[in-house]
Amino acid sequence: MYRKLQKDNDQSLFQNGSDNKNRNHIDSWKILIVDATQQMHDQTKNTLKDVMFEQKPVTFLHVYSAKEAEQLLSKYDDIAIIILSAELETKDGSVHLVDYLRKDLQNNRTRIFLLIDQPDQLPINEVIISQDINECIEKKELTSQKLFTSVIFMLRSYRDLFTVEDSKNRLEDVITATSKIIRDTSKHQLVNNIMLQFTSILNLSDSSKIGGVFLQRTNEDSSILIHNGIFDNILINDLFNSFTREVLDSINNLQSFIGNDSFLLYLGTVFNRHYFIYFYTGRTLSDWDKRMVEIFSSQTSATFKNVCLVEEIDNTQREIIYTLGEIGEMRSKETGNHVKRVAEFSKLLALKYGLSEEESEIIQLASPMHDLGKVGISDAIMNKPDKLTKEEYEIMKSHAQIGYDILKNSERPILKAGAIIAHQHHERYDGTGYPRGLKQKEIHLYGRITAIVDVFDALISDRVYKKGWKMDKIIKYFQEQRGKHFDPELTDIFLSNIEEFIKINNEIK
Ligand SMILES: [Fe+2]
Ligand SMILES: [Fe+2]
């Protein structure tokens, strides 16, 4: 009933930019040829140019010295194979290059194929062992068949190393993503974050092709709670018409389903409502992608249920507090949503004063209880149409003490704050208030804040017996009462942000 002031950031999900690591997707297998002679370049290219490995072609990079090769390697980290001539511009140029790749660049993935002219010039076996060279052959023994076989063999091992590394990165992503979602406190926040993490885990960068919906199903109907990406504005019927039989069956059976380019995640059932995420990825999912989705999903379902329950408790607590506040409100014949406006006003003033979000929220939840003590005042006084006698007024004033007495024994921060506010909201800065005649900073900050916003709401609202005051009259009143009724510093902050208070007033009628 009350959450309309809270910002909803569902819209911006895919524009927020996930923290994707820009992993390499292999489009072609890069082979770097490092040899001083053109003949070796031509021969290699001719032999390998039509090679297709796993439906991807090979592409060639040509350099003629170790120095050039070093520059190139510093730019590319996706070279599958280096075909390296042992004899370069310097005698040990090739050995240094291997050193640079393995030690400086920490690249253990690129395969190295060393070609030698004269085996006796280099202690070959030693180099092969110490420098992590994957294949070595004398140039004169290099036939086309031998070159082809070796390259395929090395591509295969490069692919395996690539997959292992990529899997490791993605698993790290899943772990990071899981720990990120645990911090979410509302199910909307959580689901938006889950969808964002899917884009990261699956490395989906083209936001124009992807989409996610958060679905709720009850025994009566189904509805979409969050739309994202390509599903923005989609109607529930159109969405269901686009589903495959497997997806529809899975919804009916309360199961997850992973298809070729999309998946349905059953999050769980809470209070007879069944929750799902349907996510369209815009590309074919590999087996590994599916496995990642499965692992991540199994983690999120448990979190989802917890978040729902915490959210329910949180909402129940708010409802109870407002109900308590409304009891006081009903008895004091305040109109409409007085306590809800006071709640929002006091949070805003607390934030503007510089209190933390958390403490401001405590004041927000506690301030509705300021007149709770009116439950202890008799109907005869509460409902008296005429002016109260002096004695009756004294009884009326006791509502501050009664409210305090009701709440004072609680250890809960919100109720403790409620006790202070109930007790002190009629104290005045100059010491002329009640019940204790506290002055200045003797009055707790929560009391000083609530005093301002409670009066502001009383002045700006229509009552049975009066119209709400005009803004210039209200501002003038606060300027006059600055340092008398109200804390001067808080009054200044309040007046310089008056537009925001007016906005809240217009939103909660
Ligand atoms: Fe009061
Ligand atoms: Fe009030």
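**Exercise 1. The cores**

Which residues have the most contacts inside the largest nonpolar core? Find them, then work out which elements supply this core.

*Solution.* Keep in mind that this is a predicted model.

Step 1. Start with the core itself: it has 39 residues, and those with the most contacts inside it are Leu-349, Phe-456, Phe-478, Phe-494 and Phe-501.

Step 2. Now look for the suppliers. Two or more residues each come from α10 (338-353), α11 (357-366), α15 (413-424), α16 (445-460), α17 (471-481), α18 (488-496) and α19 (498-507). Helix α16 gives the largest share, 9 residues.

Step 3. Zoom in on Phe-494. Leaving out residues up to four places away in sequence, Phe-494 touches Leu-349, Ile-452, Phe-456, Phe-478 and Phe-501.

Step 4. Don't stop there: another core, of 27 residues, lies apart from this one, and Val-191, Leu-267, Phe-279 and Leu-285 are among its members.

**Exercise 2. The iron site**

Name the protein donors of the iron ion (ligand 2) and say which parts of the chain the pair His-370 and Asp-454 ties together.

*Solution.*

Step 1. Pick out the donors: they are His-338 (NE2), His-370 (NE2) and Asp-454 (OD), and they lie 2.1 to 2.4 Å from the ion.

Step 2. Read their spacing along the chain, which is H-x31-H-x83-D.

Step 3. Place two of them. His-370 sits in the loop between α11 and α12 (379-382), while Asp-454 belongs to helix α16, so this pair ties together parts that are 84 residues apart in sequence.

Step 4. Check their surroundings: His-370 and Asp-454 are both buried. There's a second metal to spot as well, since the iron ion (ligand 1) is 5.2 Å from the iron ion (ligand 2).

**Exercise 3. A helix with two sides**

Work out how the buried residues of helix α2 (residues 66-75) are arranged around its axis.

*Solution.*

Step 1. List the buried residues of α2: Ala-66, Ala-69, Leu-72 and Leu-73.

Step 2. Look down the axis of α2. These buried residues fall within an arc of 120°, so they line one face of the helix.

Step 3. Recall the general rule: an α-helix has 3.6 residues a turn, so residues three or four places apart point the same way.

Step 4. Turn to the other side of α2, where Lys-67 and Lys-75 are exposed.

Step 5. Find what the buried residues of α2 pack against: β1 (29-34), β3 (56-63), β4 (79-85) and α3 (93-104).

**Exercise 4. A charged residue in a loop**

Is Asp-35 buried or exposed, and what does its side chain contact?

*Solution.*

Step 1. Locate Asp-35 in the loop between β1 and α1 (38-48).

Step 2. Compare its relative accessible area with the cut-off. Buried means under 20%, and Asp-35 has 2%, so Asp-35 is buried.

Step 3. Look for polar partners. The side chain of Asp-35 makes a polar contact with the side chain of Lys-139 at 2.9 Å. A polar atom of the Asp-35 side chain also lies 2.9 Å from the backbone nitrogen of Thr-37.

Step 4. Widen the view. Setting aside neighbours within four places in sequence, Asp-35 is in contact with Met-40, His-41, Val-63, Tyr-64, Ser-85, Leu-88 and Lys-139.

How values were computed:
Residues are numbered from 1 along each chain as its sequence is written. Chains are lettered from A and ligands numbered from 1 in the order in which they are written. This is a predicted model: local features need pLDDT of at least 70, side-chain atom pairs count only at pLDDT 80 or more; totals for chains, interfaces and linings use all residues. Side-chain values use heavy atoms; hydrogens and water are left out. Buried means under 20% relative accessible area, exposed over 50%, partly exposed in between (1.4 Å probe, protein chains only). Helices (H or I, at least four residues) and strands (E, at least two) are DSSP runs, numbered from the N terminus. The arc is that of the directions from the helix axis to the C-beta atoms. Contact means heavy atoms within 4.5 Å. A nonpolar core is a set of buried Ala, Val, Leu, Ile, Met, Phe, Trp, Tyr and Cys residues joined through side-chain atoms within 4.5 Å. Donors are N, O and S atoms within 2.8 Å of the metal (3.2 Å for Na, K and Ca); water is not among the atoms, so sites may look incomplete. A polar contact is a pair of N or O atoms within 3.5 Å; within protein, one must be able to donate a hydrogen and the other to accept it, and residues adjacent in sequence count only if both atoms are side-chain atoms.
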